[in-house]
Amino acid sequence: MKTFTLPGTDLVVPNVVLGLMRIQDKTDEEVRTLVRTARDAGITFLDHADVYGSSMHGCERRFAEALKLSSAEREQFVIQSKAGIVREGPYFDFSYERIVESVHGSLEALGTDYLDILLLHRPDALVEPEEVARAFDELAAAGKVRAFGVSNHTPRQIDLLRKHVTQPIVANQLQLSITHAPMIAHGVAANMQGLDQSIGRDDGMVDYCRLNDITIQAWSPFQAGFFDGPFLGSDRYPELNAVVDRLAEKYGVPAEAIAVAWITRHPAQMQVVLGTTTPERVAGAALGSELPLTRAEWYELFRAAGYTVP
């Protein structure tokens, strides 16, 4: 498993992350097996959010009930959670009160004294960055949160926060897969008249994050689009799956590893957030952490997904 020091922190992290948004109905043993399989593969970074589960903090609580981590065991993991979505609306709330309340709820549910990383979960159009800064300062000073980031934010939204927030914004969690890659595809075909791919759906996110030492965390790495099913094995993507299967055979790994490797091969040094609760798929996906796709193979997958390389 490839690891690196997360910019803006002293945390050494793997480039594959275990997302835990779907564990609410899993038994203790199922949760333990999932986390143990990930840890054995080198995945020691766990991703939560206050809204994951059948009730607020539901999956965080389910995790803590199943694992019952000792203080020493807790130190072996990097635990990240997210705040800002109000599920009753739904709407978004980045107020000082909401952020602090959410963190306290996450700490109680997880049975821990601190979060390694807190992300703001999707943008709040009514954000008052001074309130975010106040919350971050208080949580950092109390030792309750060690690092801060965002999810699904644009470069300008991040700049607005950075005008007031004193801590580094260390991560931006964004949807990215071979078939859902507008933030990469637009740059490849920029200024190509008449080509849909050249339309500015991207706002320079990848380059912005590279320039500002913000780690992109790619969620839904196997999804074809916005939660409309996986592309792996789908008859909607026969050409892509033919390439994936050929490369999987070449490297002796499952298809999930190729999908992960397409993201980890990018020099932006991204992390891949897995959403599966199937231990075998977690172990297989982890094999993509250091898989050395060539440039030609990376672009072949890109073209097979339907993108144009002029």
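These legends describe close-up views of a predicted model.

**View 1. Helices α9 and α12 pack against each other in a roughly antiparallel way.**
Helix α9 spans residues 238-251, and helix α12 spans residues 295-304. Their axes come within 8 Å. The crossing angle is roughly 155°. Angles over 145 degrees count as roughly antiparallel, so α9 is roughly antiparallel to α12. From α9, the contact is made by E239, L240, V243, V244, R246, L247, K250 and Y251. From α12, E297, E300, L301 and A304 take part. Sorted by class, the contact has seven nonpolar and five charged residues, and no polar ones.

**View 2. Aromatic rings of W298, Y299 and F302 belong to one cluster.**
The cluster is formed by W262, W298, Y299, F302 and Y307. The count of aromatic pairs comes to seven. In one of them, W298 and Y299 have ring centres 4.9 Å apart. The planes of these two rings stand at 80°, so the pair is edge-to-face. Y299 also pairs with F302. Here the centres are 6.4 Å apart, the angle between the planes is 80°, and the pair is again edge-to-face. Y299 and F302 both sit in helix α12, three residues apart, which is about one turn of the helix. How buried or exposed are these residues? W298 is buried, with a relative accessible area of 9%. F302 is buried, at 0% relative accessibility. Y299 is partly exposed, at 32%.

**View 3. Helix α2 is mostly covered.**
This helix runs over residues 58-67. Eight of its ten residues are buried. They are G58, C59, E60, R62, F63, A64, A66 and L67. What do the buried residues of α2 pack against? Their partners are α1 (28-40), β4 (45-47), β5 and α4 (96-110). K68 follows the helix. Its phi is positive, near 45°.

**View 4. S81 is a buried residue of strand β5.**
The strand covers residues 78-83. S81 has 0% relative accessibility and counts as buried. Neighbours within four places in sequence are left aside here. Beyond them, S81 is in contact with H48, A49, D50 and E60. S106, L115, I117, L118 and L119 also touch S81. One of these contacts, E60, is itself a buried residue of α2.

**View 5. Helix α6 has its buried residues along one face.**
Which residues of α6 (residues 155-162) are buried? They are P155, I158 and L161. Seen down the helix axis, these residues fall within an arc of 120°, so they line one face of α6. They pack against three strands, namely β8 (117-121), β9 (148-151) and β10 (169-175). They also pack against the helices α5 (129-141) and α8. N152 is found in the loop between β9 and α6. Its phi is near 60°, a positive value in a residue other than glycine. N152 counts as buried, at 17% relative accessibility.

**View 6. The loop residue D203 touches T154 and P155.**
D203 lies in the loop between α7 (182-188) and α8 (205-211). Residues up to four places away in sequence are not counted among its contacts. D203 and T154 are 49 residues apart in sequence. In space, their C-alpha atoms are 7.1 Å apart. P155, the other contact of D203, is one of the buried residues of α6. D203 itself is partly exposed, with a relative accessible area of 39%.

**View 7. Two further loops hold a cis peptide bond and a positive phi.**
The peptide bond from G89 to P90 is cis. Its omega is near -5°. P90 is found in the loop between β6 (85-86) and β7 (91-92). Where is Q269? Q269 lies in the loop between α10 (255-264) and β12 (271-274). Q269 is not a glycine, yet its phi is positive, at about 55°. With 31% relative accessibility, Q269 counts as partly exposed.

Definitions and conventions. Residues are numbered from 1 along each chain as its sequence is written. This is a predicted model: local features need pLDDT of at least 70, side-chain atom pairs count only at pLDDT 80 or more; totals for chains, interfaces and linings use all residues. Side-chain values use heavy atoms; hydrogens and water are left out. Axes are lines fitted to C-alpha atoms, for helices over the stretch in contact, and angles run from 0 to 180 degrees between N-to-C directions. Helices (H or I, at least four residues) and strands (E, at least two) are DSSP runs, numbered from the N terminus. Angles under 35 degrees count as roughly parallel, over 145 as roughly antiparallel, 65 to 115 as roughly perpendicular and the rest as oblique. Contact means heavy atoms within 4.5 Å. Ala, Val, Leu, Ile, Met, Phe, Trp, Tyr, Cys and Pro count as nonpolar, Asp, Glu, Lys and Arg as charged, and the others, Gly among them, as polar. Buried means under 20% relative accessible area, exposed over 50%, partly exposed in between (1.4 Å probe, protein chains only). The arc is that of the directions from the helix axis to the C-beta atoms. Rings of Phe, Tyr and Trp (its six-membered ring) pair if their centres lie within 6.5 Å; planes under 30 degrees apart count as stacked, over 60 as edge-to-face and the rest as tilted.
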